[in-house]
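User: Hi! I'm new to this one and would like a friendly walk through it. Could you put it up so we can look together?

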Amino acid sequence: FLESTLATGNQQQAVYNALAKIYIDSNNNPEKFLKENDMYDTLIVGKYCEKRDPNLAYIAYSKGQNDLELINITNENAMYRAQARYLLDRADPEIWAFVLNDNNIHRRSVVDQVIATAVPESTEPDKVSVAVKSFLDADMPAELIELLEKIILEPSPFSDNSSLQNLLMLTAAKADKSRLIDYIHKLNEFNADEIAQMCISVGLYEEAFEIYKKVSNHTAATDVLVEN
């Protein structure tokens, strides 16, 4: 009856909501309907799905960009990988800030999936840069280092990104100095002068010397030894 009603051109949202519920309750390929149909109310149908199948609720909320509802359902059901993928794709700094707030008890679980799955899967630099900036804004240097290592030290579309290499080294110099020498030896696209000067400014003279030696700037390398 409902499908015949739609065939007559009835565009009432309530009809599509009812049809969505029938697809869900009959398990008649509801994922396809929820992903492809644009006429149902994602909040109403998502809520209807929550106790029946949280994965279907996720599809509905994702389609409608119902951010808070999606975050709640994925937290309640430990669907952290799905939430991480949504956050990366959504690329909204306000939503990132909400999730990365240190009062969020689910933060570490989501961050783990952002680092392990969502960012490495991505091929969209703009969305990855939003994630990186969000970690910076949330003052999470240890997690930012984890994230940057994942996409720079392991093969990825971002491995040779000079800005990200600079950021990794700058963050390590402030938060985890012991990693810096290893980065200097492994990475080749960072701004040698900028990173060396930063090292000198925080007393990391050995690291500055190694950078200048790596790029064959022997005069600057000698100056570091003589002046410090």
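User: Thanks! Which residue forms a salt bridge with Arg85?
Analyst: That is Glu121, and the closest N and O atoms of the two are 2.6 Å apart. A salt bridge here is a side-chain nitrogen of Lys or Arg within 4 Å of a carboxyl oxygen of Asp or Glu. Glu121 lies in helix H9 and Arg85 in helix H7 (residues 80-90), so the pair ties together parts that are 36 residues apart in sequence. Helices (H or I, at least four residues) are DSSP runs, numbered from the N terminus.

User: Before I go on, what kind of model is this?
Analyst: This is a predicted model, in which local features need pLDDT of at least 70, side-chain atom pairs count only at pLDDT 80 or more, and totals for chains, interfaces and linings use all residues. Residues are numbered from 1 along each chain as its sequence is written, and side-chain values use heavy atoms, with hydrogens and water left out.

User: Okay. Is Glu121 buried, partly exposed or exposed?
Analyst: Glu121 is partly exposed, with a relative accessible area of 44%, and its partner Arg85 is partly exposed at 37%. Buried means under 20% relative accessible area, exposed means over 50%, and partly exposed is in between (1.4 Å probe, protein chains only).

User: What else does Arg85 touch in H9? Where does Thr117 come in?
Analyst: Thr117 lies in helix H9 and is in contact (heavy atoms within 4.5 Å) with Arg81 and Arg85, leaving aside its neighbours within four places in sequence. The C-alpha atoms of Thr117 and Arg81 are separated by 7.1 Å. Thr117 is buried, with a relative accessible area of 11%.

User: And what comes after H9?
Analyst: Ser122 is in the loop between helix H9 (107-121) and helix H10 (125-137). Ser122 is buried at 8% relative accessible area. A polar atom of its side chain lies 3.1 Å from the backbone nitrogen of Glu124. Apart from neighbours within four places in sequence, Ser122 is in contact with Leu88, Val128, Pro157 and Phe158.

User: How many salt bridges does the structure hold?
Analyst: The structure holds 17 salt bridges. Arg108, Asp112, Glu143 and Glu146 are linked in a network of them. Lys150 also forms a salt bridge with Glu154, with the closest N and O atoms 3.5 Å apart.

User: What about H11, which residues of it are buried?
Analyst: They are Glu143, Leu144, Ile145, Leu147, Leu148, Glu149, Ile151 and Ile152. These buried residues pack against H9, H10, helix H12 (162-175) and H13. The expected span of a helix is 1.5 Å times one less than its number of residues; for the twelve residues of H11 (141-152) that gives 16 Å, and the end C-alpha atoms are 16 Å apart, which agrees.

User: Switching topic: which residues are buried in H15?
Analyst: In helix H15 (residues 205-214), Glu207, Ala208, Glu210, Ile211 and Tyr212 are buried. The buried residues of H15 pack against helix H13 (180-186), helix H14 (192-201) and helix H16 (218-227). H15 is followed by Ser216, whose phi is positive, near 60°.

User: Which residue does Glu210 meet in a salt bridge?
Analyst: Glu210 meets Lys213, at 3.6 Å from N to O. Being three residues apart in helix H15, the two are separated by about one helical turn. Lys213 is partly exposed at 43%, whereas Glu210 is buried at 16%.

User: Last one: how many disulfides are there?
Analyst: The count is zero disulfides, taking a disulfide as a pair of cysteine sulfur atoms within 2.5 Å. Cys49 is buried at 0% relative accessibility, and Cys199 is buried at 0% too.

Terms used: A polar contact is a pair of N or O atoms within 3.5 Å; within protein, one must be able to donate a hydrogen and the other to accept it, and residues adjacent in sequence count only if both atoms are side-chain atoms.
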